[in-house]
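Subject: Structure handover

Hello,

Here is the structure I said I would pass on. My notes on one helix and the sheet beside it follow below.

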Amino acid sequence: MRKCTRVHFSDAGWKERGDLVTRKEVAELATVSEATVSRVFNGVGPMKPATKERVLAAAQTLGYHPNAIAQSFARRRSGNLGVVLPYMPKVHLFSTYYFAEILSGIGEQCRKEGYDLLLSLLPTDEELDYTQLYRSQKVDGCVILGARDTPEQRRSLEELKAQGLPFCLVNQRFEGLPLLEVDADHVEGSYLAVRSLLADGYRRIAFMNGSPDYSNSVDRLAGYRQALLEAGIAAQPELLLEGNYSRTSGYKAAAEVWAMRDRIDAIFAANDRMAIGLMQGLRERGWLAGRDFAIIGCDDSDAAKLSDPPLSTIHVPFFEMGKAAARAVLASIGHGEPGSGQQLKLPTQLIVRQSSRRAAGAEHGRE
């Protein structure tokens, strides 16, 4: 018969019984009180190093494993890190490279630090209230993904900050708000992409961006303009296209690009999905990437490697960004001030593939 662990509640909190070693047995072996054992495992109050070592040694000898529920009650923490995602109907968020990579990074860091993830989908058309996740000790801190720079978002984030609740933004910057943020150097990434096209002799370079509500859209536009300015080329408004970071928006934009094909010889798209949609739409019209025009995307998603032709792109370290965000917000838990104003920016890298190579210059690039 399989042995079971019985759990009961007492004034001392939750405690394991049955076959498992009890806190009392650890206390007796270490010649300390049960309260001292609790303080050691809950990290509460001052403790002499020698006493702590004696308790840990006794616990190891006896095979004592403190109940996670008891620890959370003693610390007044949930042991959960919240991750807030935007709820967008008909959009499969978890199959999206951007969200999947960041979530994997967050999960990896939480695993290392003994935390669980609590995912929350927040409808974009409802009144924002991030603080609700912290009520009833549901989460100890939050990582916020997909935030947009809107008045509603700003008000809700300001409320989090005012209450001293630990949180971190990923891939989004709010000018004028000193918040804990983890981002990538999107200005540099965009600059590298356009500079590469210019170096290959392209001069009529269009740019397909996402919504200006996202700071990475603003940054990529800045990098695009910077590269053109240094080359002595004026950015032309008609060559600035706006999508919504979906493949469909790129596919639809192909008609607009096709109508201007005599004025375009290269395109930089602010993510791989839009770039791949553009490639597909233009291929249906007989215009092939890497032959008739050059195109570079952004993200370095798996789809970029598998597209036809393989897509040149800017590598954005989403996995590392997720890890860094989780590490930062977990480090701020219990310190009262949620990393105010700290901004971590990770580097990006240009990956050149066939989609941006001229037929006679296939030796250019690293892949």
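This is a predicted model. I began with helix α9, residues 247–259, and checked its length: at 1.5 Å a residue, its 13 residues should span 18 Å, and the end C-alpha atoms lie 19 Å apart, which agrees. The helix is not straight throughout, as α9 bends by about 30 degrees at A253.

A253 is also among the buried residues of α9, together with S249, G250, A254 and V257. An α-helix has 3.6 residues a turn, so residues three or four places apart point the same way. What do the buried residues of α9 pack against? Their partners are the strands β8, β9 and β10 and the helix α10.

Those three strands belong to an open sheet of six, in the order β9-β8-β10-β11-β12-β14, and the pairing is mixed. At the edges are β9 (240–242) and β14 (349–351), each of which pairs on one side only. On average, neighbouring strands in the sheet are turned by 20 degrees against each other, direction ignored.

At the β9 edge, β8 (residues 205–209) and β9 run parallel and are joined by three bridges. For N209, the bridge partner in β9 is E242.

Helix α10, residues 272–283, packs on the sheet as well, where it touches β8, β10 (266–269), β11 (294–299) and β12 (312–315). The direction of α10 makes about 150 degrees with that of β11. So that the two helices are not confused: α10 is itself one of the elements that the buried residues of α9 pack against.

Regards

Note on methods:
Residues numbered from 1 in each chain as written. Predicted model: local features only at pLDDT ≥ 70, side-chain atom pairs only at ≥ 80, totals over all residues. Heavy atoms only, no water. Pairing = 2+ DSSP bridges. Helix = DSSP H or I, 4+ residues; strand = E, 2+ residues; numbered from the N terminus. Axes fitted to C-alpha atoms, helices over the stretch in contact; angles between N-to-C directions. Contact = heavy atoms within 4.5 Å. Expected span 1.5 Å × (residues − 1). Bend = angle between axes of the 7 residues up to and from the residue. Buried < 20%, exposed > 50% of the residue type's maximum accessible area, 1.4 Å probe, protein only.
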